[in-house]
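Me: Please take a close look at how the helices pack in this model. Then follow the trail from there into the empty space around them.

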Amino acid sequence: MASSSSALSRISNLSRHFHTPNSKTRDDPQGAIDAPGRGLIKISSEVSAAISRGHPVVALESTIISHGMPYPQNLETAKEVETIVRKNGAVPATVAILDGTPCVGLNEKELERLSILGNRVQKTARRDIAQVVARGGNGATTVSATMFFASKVGIPVFVTGGIGGVHRHGEQTMDISSDLTELGRTPVAVISAGVKSILDIPRTLEYLETQGVCVAAYRTNEFPAFFTETSGCKAPCRVDTPEEAAKLIDANMNLELGSGVLIAVPIPNEHSASGSLIENAIQTALQESREKNIVGNAETPFLLKRVNELTGGASLASNIALVKNNALVGAKIAVALAKLRVQ
């Protein structure tokens, strides 16, 4: 398949902002993009150089660091995930907002800062970006916010644990994650372990269809359910290799569909927790969240924490394993995509 010259042109044009004399810079080796309509985004020199040279880069979210697991496991996992990305040929670009500045590519001190602050850092979706920046705050980016920044700087591949979705009883509450609408309007490929099983997976897939999002499962015909390999839902399409996934992403970009691609990677079988154990814990946690009136963006962290407690740590172990596996697969896809686009 031919590469996307228009997409390459957009990235090339954007990358010039990293190196022009008029670009604002802060403490080396960090540079900043100050492009009209884009606000100010600080990008590490390593990530900047990789993008400008067409080398593979993998965007990583920061909510999993601040809200996904406790310290010091969050820091250890963040470092291990970045290491996995590097070992598989790509450059990691963890995204966060620090002191009001959106950052793409964090150093070790910044990762540690986020890890220690934990849930004192604001969980930041697309809707929250402007107010976190305006008040000079710290924000841990969710899937929607990370996709937004990745797209702005020209990173086409993003790895996360699991995306948000339609919450159970969402037909009554209208509680639907902004991850889904972001996938419908932002041309970034998201590599995840499917949809968190605390959510309504069938309705989430229906909503993604409505948004025009291409959804593929990796080496399986069934859409995975985050903690477990199966959800009971058939995947709309299947890819079996990083190269097939890269062709799918490239086609999406060539056609300028304007939407993202979701590639769902099942958790490795040896790390998959018992489906019934997880489901029972989810039902208990959901009941507790309703009794405590925990709603909105506070619900998912609460549910994940309670499910981990109720399963004796099994869900956290599964969470860490699937994130690492996604990083492995995502890095290989990013490498294959970079090769495809320079052919």
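**The packing of two helices, and the spaces beyond**

Reply: Start with the contact itself. From H11, Pro242, Glu243, Ala245, Ala246, Lys247, Ile249, Asp250 and Met253 take part; they meet Lys332, Ile333, Ala336, Leu337, Leu340 and Arg341 of H14. By class, this contact has 9 nonpolar and 5 charged residues, and no polar ones. Keep in mind that the model is predicted.

Now the geometry. The axes of H11 and H14 lie 8 Å apart, and the helices pack at an angle of about 55 degrees. That angle is neither under 35 degrees nor in the range 65 to 115, so the pair counts as oblique. The crossing of H11 and H14 is right-handed.

Two of the H11 residues lead further. Ile249 and Met253 touch H14, and both also line the second largest cavity. Their partners in that lining are Pro156, Pro187, Val188, Ala189, Asn252, Gly260 and Val261. H11 covers residues 242–254 and provides the largest share of this lining, 3 residues. The volume here is about 40 Å³. What is the chemical make-up of the lining of the second largest cavity? It has 7 nonpolar residues, 2 polar ones and no charged ones.

How many cavities of 30 Å³ or more does the whole structure hold? The search finds 2. The largest of them contains about 150 Å³ of space. Its lining has 14 residues, and those nearest the centre are Glu61, Ile64, Ala78, Val81 and Val323. Two helices, H3 (63–66) and H4 (73–87), each put at least two residues into that lining. H4 gives the most, with 4 residues. The lining of the largest cavity splits into 8 nonpolar, 5 polar and 1 charged residues.

The loop that joins H3 and H4 deserves a stop. Proline 72 sits in it. The peptide bond from tyrosine 71 to proline 72 is cis, with omega near 5 degrees.

Go back to H14 now, because this helix, residues 314–341, does more than meet H11. H14 and H13 each supply at least two residues to the lining of the second largest pocket. H13 gives the most, with 6 residues. The pocket has about 480 Å³ of space. In all, 20 residues line it; His67, Gly68, Met69, Pro70 and Lys305 lie nearest the centre. The lining is made of 10 polar, 8 nonpolar and 2 charged residues.

H13 also turns up in the largest pocket. There, H13 gives the most to the lining, with 3 residues. About 640 Å³ of space lies in this pocket. It is lined by 32 residues, with Lys123, Thr142, Ser177, Asn297 and Thr300 nearest its centre. The elements that give two or more residues are H3, strand S6 (122–124), H9 and H13 (299–310). By class, the lining of the largest pocket holds 17 polar, 8 nonpolar and 7 charged residues.

H9 brings in a second helix contact to set beside that of H11 and H14. H9 (residues 178–185) packs against H10 (residues 201–210) at about 30 degrees, with the axes 9 Å apart. An angle under 35 degrees counts as roughly parallel, so that is the label for H9 and H10. Their crossing is right-handed. Which residues meet where H9 packs on H10? Leu180, Thr181 and Leu183 come from H9, and Thr204, Tyr207 and Leu208 come from H10. The contact has 4 nonpolar and 2 polar residues, and no charged ones.

One more backbone detail, away from these helices. Aspartate 99 has a positive phi of about 50 degrees, although it is not a glycine. Aspartate 99 lies in the loop between strand S4 (91–98) and strand S5 (101–104).

To pull the threads together: H11 meets H14 and gives the largest share of the lining of the second largest cavity. H14 helps line the second largest pocket along with H13. H13 gives the most to the lining of the largest pocket. H9 is among the elements that line that pocket too, and residues of H9 meet residues of H10.

How values were computed. Residues numbered from 1 in each chain as written. Predicted model: local features only at pLDDT ≥ 70, side-chain atom pairs only at ≥ 80, totals over all residues. Heavy atoms only, no water. 1 Å grid on protein atoms, 1.4 Å probe; cavity = no way out; pocket = protein on both sides within 12 Å on 5 of 7 lines; lining within 4 Å. Points joined across faces, edges and corners; volume = space filled by probe spheres on them. Nonpolar A, V, L, I, M, F, W, Y, C, P; charged D, E, K, R; others polar. Axes fitted to C-alpha atoms, helices over the stretch in contact; angles between N-to-C directions. Parallel < 35°, antiparallel > 145°, perpendicular 65-115°, else oblique. Left-handed = near helix turned anticlockwise from the far one by under 90°. Contact = heavy atoms within 4.5 Å.
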